[in-house]
Amino acid sequence: MALQEQETQSQNAPFFLDVLYCEEERFGDDDDGEVEEASEIEKCDREKKQSLFPLTLLEHDLFWEDDELCSLISKEEQAHHCYSGIISDGFLTVARTKAVEWMLKVNAHYGFSALTAVLAVNYFDRFLSSSCFQRDKPWMSQLVAVTCLSLAAKVDETDVPLLLDLQVEETKYVFEAKTIQRMELLVLSTLQWKMNPVTPISFFDHIIRRLGLKTHLHWEFLERCERLLLSVIADSRFLCYLPSTLATATMLHIITEVEPRNPLEYQNQLLSVLKISKVCSQRNWIFCFYISFYLLL
């Protein structure tokens, strides 16, 4: 009876658990279920081996409507900042690289999510490009880095370390909690309390939702995209690209890893889902391929 109830609950579970369910189904106690058992196992094997971008997925199983993608594109364009001052300034570029690398180390140290790291870098870049950043103070970039990471953790994490404990991984300066708290208020006011910007991860999340979360490959795809993004985010040259452009190039590159036999077909499917021709200009489209090529080097 307990097994029957468990099977009923499994059938009502979200369908992205289907693979796990069919693995557990073999433990049923039906005497005449050997043939069904074998077919279910074969079904599981087929699901595990199925493509990341099944050909029949583009027209159905869509969790988000197309206007969600258009909304993301519109928001990123409205909030896009000009970071040319950072890119062309050697001092700011070096300061940014050191600060971002430190934030990524602390992010990994505490096991924070990729979104926390991306938000922290976003806050840092926006503050760095503002008039509030005092470049004549050698400790300024470190204080801003700690502050931005603290704010990002408060936005995305459920367990946030104390401000003093956050200052790990070979920090040159150590700040008191009240100093960081005052800087938090300055950063918040400078960024106009806009702490949930559109990021490349917003587009990763969108495409994964549209893929339906059907197999472990989708989670692996998301994790690989996040890892690749974090590996290049410290490079100031990527500041000039919109989140959608960087996200698309990242996903195009990852497809060549998870689908090496026929990447072009699946890349075209990805672009179709994202409706690149409708929401991106031709210039951004060229940027996508340029960055994708750069990531292959």
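**Figure 1. Helix H7 in the predicted model.** Helix H7 has 15 residues. From its first C-alpha to its last, H7 reaches 21 Å, close to the 21 Å expected at 1.5 Å a residue. Of these 15 residues, 14 are buried, so H7 is largely enclosed by the rest of the structure. H7 covers residues 114-128. The protein around it has 15 helices and 0 strands. Buried residues make up 44% of its 297 residues.

**Figure 2. The largest nonpolar core, with Met-251.** This core has 72 residues. Those with the most contacts inside it are Met-103, Tyr-123, Phe-124, Leu-149, Phe-204, Phe-221 and Met-251. In soluble globular proteins, nonpolar side chains tend to be buried together. The close-up centres on Met-251. Leaving aside neighbours within four places in sequence, Met-251 is in contact with Phe-203, Phe-204 and Ile-207. Its other contacts on that count are Phe-221, Cys-225, Leu-270 and Leu-274. Two of these partners, Leu-270 and Leu-274, are among the buried residues of helix H13.

**Figure 3. Helix H13 and its buried residues.** Helix H13 runs over residues 263-274. Its 12 residues should span 16 Å at 1.5 Å a residue, and the end C-alpha atoms are indeed 16 Å apart. The buried residues in H13 are Tyr-266, Gln-267, Gln-269, Leu-270, Leu-271, Val-273 and Leu-274. An α-helix has 3.6 residues a turn, so residues three or four places apart point the same way.

**Figure 4. Thr-147 in helix H8.** Helix H8 spans residues 140-156, and Thr-147 sits within it. Thr-147 has 0% relative accessibility, so it counts as buried. A polar atom of the Thr-147 side chain lies 2.8 Å from the backbone oxygen of Leu-143. Not counting residues up to four places away in sequence, Thr-147 touches Ile-180, Met-183, Glu-184 and Val-187.

**Figure 5. Asn-107 in helix H6.** Asn-107 belongs to helix H6, which covers residues 90-109. Its relative accessible area is 4%, so Asn-107 is buried. Beyond neighbours within four places in sequence, Asn-107 is in contact with Phe-112, Ser-113, Thr-116, Ala-117 and Leu-149. One of these, Leu-149, also ranks with the residues that have the most contacts inside the largest nonpolar core.

**Figure 6. Val-100, also in helix H6.** Val-100 is buried, at 0% relative accessibility. Once neighbours within four places in sequence are left aside, Val-100 is in contact with Val-121, Ile-233 and Ala-234. Val-100 and Gln-142 are 42 residues apart in sequence. In space, their C-alpha atoms are 9.8 Å apart. Across the protein, contacts between residues at least 6 apart in sequence were tallied, and 77% join residues at least 24 apart.

**Figure 7. The aromatic pair of Tyr-110 and Phe-112.** The structure holds 3 aromatic pairs. In the one shown, Tyr-110 and Phe-112 are stacked. The rings are 5.6 Å apart centre to centre, with 20 degrees between the planes. Tyr-110 is partly exposed, at 29% relative accessibility. Phe-112 is buried, with a relative accessible area of 8%. Phe-112 is also one of the residues in contact with Asn-107.

**Figure 8. The salt bridge between Arg-135 and Asp-89.** The whole structure has 7 salt bridges. In this one, the closest N and O atoms of Arg-135 and Asp-89 are 2.7 Å apart. Arg-135 lies in the loop between helices H7 and H8, and Asp-89 in the loop between H5 and H6, so the pair ties together parts that are 46 residues apart in sequence. Arg-135 is partly exposed, with a relative accessible area of 40%. Asp-89 counts as buried, at 18% relative accessibility. Side chains of opposite charge can pair when their charged atoms come close.

**Figure 9. Salt bridges around Arg-224, and a further pair.** Glu-257 forms a salt bridge with Arg-224, and their closest N and O atoms are 3.4 Å apart. This pair links distant parts of the chain. Glu-257 is in helix H12 (residues 243-258) and Arg-224 in helix H11 (residues 216-232), 33 residues apart. Glu-257 is partly exposed, with a relative accessible area of 40%. Arg-224 also counts as partly exposed, at 22% relative accessibility. Salt bridges that share partners join Glu-220, Arg-224 and Glu-257 into one network. The further pair is Asp-235 and Arg-237, whose side chains meet in a salt bridge at 2.7 Å, N to O.

Technical notes:
Residues are numbered from 1 along each chain as its sequence is written. This is a predicted model: local features need pLDDT of at least 70, side-chain atom pairs count only at pLDDT 80 or more; totals for chains, interfaces and linings use all residues. Side-chain values use heavy atoms; hydrogens and water are left out. Helices (H or I, at least four residues) and strands (E, at least two) are DSSP runs, numbered from the N terminus. Buried means under 20% relative accessible area, exposed over 50%, partly exposed in between (1.4 Å probe, protein chains only). A polar contact is a pair of N or O atoms within 3.5 Å; within protein, one must be able to donate a hydrogen and the other to accept it, and residues adjacent in sequence count only if both atoms are side-chain atoms. Contact means heavy atoms within 4.5 Å. A nonpolar core is a set of buried Ala, Val, Leu, Ile, Met, Phe, Trp, Tyr and Cys residues joined through side-chain atoms within 4.5 Å. Rings of Phe, Tyr and Trp (its six-membered ring) pair if their centres lie within 6.5 Å; planes under 30 degrees apart count as stacked, over 60 as edge-to-face and the rest as tilted. A salt bridge is a side-chain nitrogen of Lys or Arg within 4 Å of a carboxyl oxygen of Asp or Glu. The expected span of a helix is 1.5 Å times one less than its number of residues.
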